[in-house]
Amino acid sequence: MPSGPGEGVRPAFRQWRAGRPFWGGLLLALGGAEVLLTLKASLDVILHVGMQGLAGYLLPVVMLLCGVLILFNPTQRLFYSVIGVLVSLGTWMTSNLGGFFIGLLLGVTGSCLAFGWLPDQEPRVGRRQRRKQARAAKTPPPAPARQS
């Protein structure tokens, strides 16, 4: 039971999420999972087909792994995102056109988001907040009353 107003699961998750490229890692992992789910053949059939069939399972697993590693090790996000985008593009030829384009697009988008994430960036100011600040700066102070 949380004892104070700022304690609890939700604020702790928000703080954890703010310290890493959460959406990039999540999209990359979802892309890998989607490509894995689009593969219909069992692993025995794929192993008999050869290397091309094995790559159909290997590349989405690497996508999934890179997405999870981006979430839990954000200091190495550049390396994982570059590997993630290359592997995502590789699924185009090995895994049903990249999971029928959906997994490919999720993987590339997630990798790009993780690559562009900056850890020490100032929090964004909302549009309403910027408008309030602009209005406060433009309004002149009230003029003193004149005595006659």
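Visitor: Where is the place of P119?

Guide: This is a predicted model. Helix α7 covers residues 102-116. P119 sits past it, in the loop between α7 and α8.

Visitor: Is P119 buried, exposed or partly exposed?

Guide: Buried residues have under 20% relative accessible area, and exposed ones over 50%. P119 has 45%. With that value, P119 is partly exposed.

Visitor: How many Å apart in space are P119 and G19?

Guide: In sequence, P119 and G19 are 100 residues apart. In space the figure is taken from C-alpha to C-alpha. It is 6.7 Å.

Visitor: How many helices does the protein have?

Guide: From the N terminus on, the elements run α-α-α-α-α-α-α-α. The protein has zero strands. The number of helices is eight.

Visitor: What share of the protein's residues count as buried?

Guide: The protein has 148 residues. A residue is buried when its relative accessible area is under 20%. The share that counts as buried is 30%.

Visitor: What share of the exposed area do carbon and sulfur atoms supply?

Guide: The protein exposes about 10700 Å². Carbon and sulfur atoms supply part of that area. Their share is 66%.

Visitor: What share of the contacts with a separation of 6 or more comes from residues 24 or more positions apart?

Guide: Take the contacts in the protein with a separation of 6 or more. Then pick out those between residues 24 or more positions apart. They account for 75%.

Visitor: Which element gives the largest share of the largest nonpolar core?

Guide: This core has eight residues: L28, L59, M63, C66, I70, Y80, V87 and A114. Two elements, α4 (51-72) and α5, give two or more residues to it. The largest share is four residues, and it comes from α4.

Visitor: Which core residue does I70 touch in the loop-or-helix stretch at position 114?

Guide: I70 belongs to the largest nonpolar core. Leaving out residues up to four places away in sequence, I70 touches P21, G25, L28, Y80, S81 and A114. At position 114 the residue is A114.

Visitor: How far does α5 reach from its first C-alpha to its last?

Guide: Helix α5 has 18 residues. At 1.5 Å a residue, 26 Å is expected. The reach is close to that, at 25 Å.

Visitor: Within what arc do the buried residues of α5 fall?

Guide: In α5, R77, Y80, S81, G84, V87, S88, T91 and T94 are buried. Seen down the axis, their arc is narrow enough that they line one face of the helix. On the other side, F79, L86 and M93 are exposed. The arc of the buried residues is 145 degrees.

Visitor: What is the relative accessibility of S88?

Guide: S88 lies in helix α5, residues 77-94. Beyond its neighbours within four places in sequence, S88 is in contact with L28, M63, L104, G107 and V108. S88 counts as buried because its relative accessibility is 0%.

Visitor: Which residue just after α5 takes a positive phi?

Guide: Helix α5 covers residues 77-94. The phi in question is about 50 degrees. The residue is N96.

Visitor: What arc do the buried residues of α7 cover?

Guide: The 15 residues of α7 should span 21 Å, and the end C-alpha atoms are 21 Å apart, which agrees. In α7, G103, L104, G107, G110, S111 and A114 are buried. They are on the same side of α7, because their arc is only 140 degrees.

Visitor: What is the count of buried residues in α8?

Guide: Helix α8 (residues 127-138) has twelve residues and reaches 17 Å, close to the 16 Å expected. This helix is hardly covered. Its count of buried residues is zero.

Visitor: Is the aromatic pair of F22 and W23 stacked or edge-to-face?

Guide: The structure holds seven aromatic pairs. In the pair of F22 and W23, the centres are 5.1 Å apart and the planes 80 degrees. Planes over 60 degrees apart count as edge-to-face. So this pair is edge-to-face.

How values were computed
Residues are numbered from 1 along each chain as its sequence is written. This is a predicted model: local features need pLDDT of at least 70, side-chain atom pairs count only at pLDDT 80 or more; totals for chains, interfaces and linings use all residues. Side-chain values use heavy atoms; hydrogens and water are left out. Buried means under 20% relative accessible area, exposed over 50%, partly exposed in between (1.4 Å probe, protein chains only). Contact means heavy atoms within 4.5 Å. Accessible areas come from the Shrake-Rupley method with a 1.4 Å probe; for residues, only the protein chains shown count as cover. Rings of Phe, Tyr and Trp (its six-membered ring) pair if their centres lie within 6.5 Å; planes under 30 degrees apart count as stacked, over 60 as edge-to-face and the rest as tilted. The expected span of a helix is 1.5 Å times one less than its number of residues. A nonpolar core is a set of buried Ala, Val, Leu, Ile, Met, Phe, Trp, Tyr and Cys residues joined through side-chain atoms within 4.5 Å. The arc is that of the directions from the helix axis to the C-beta atoms.
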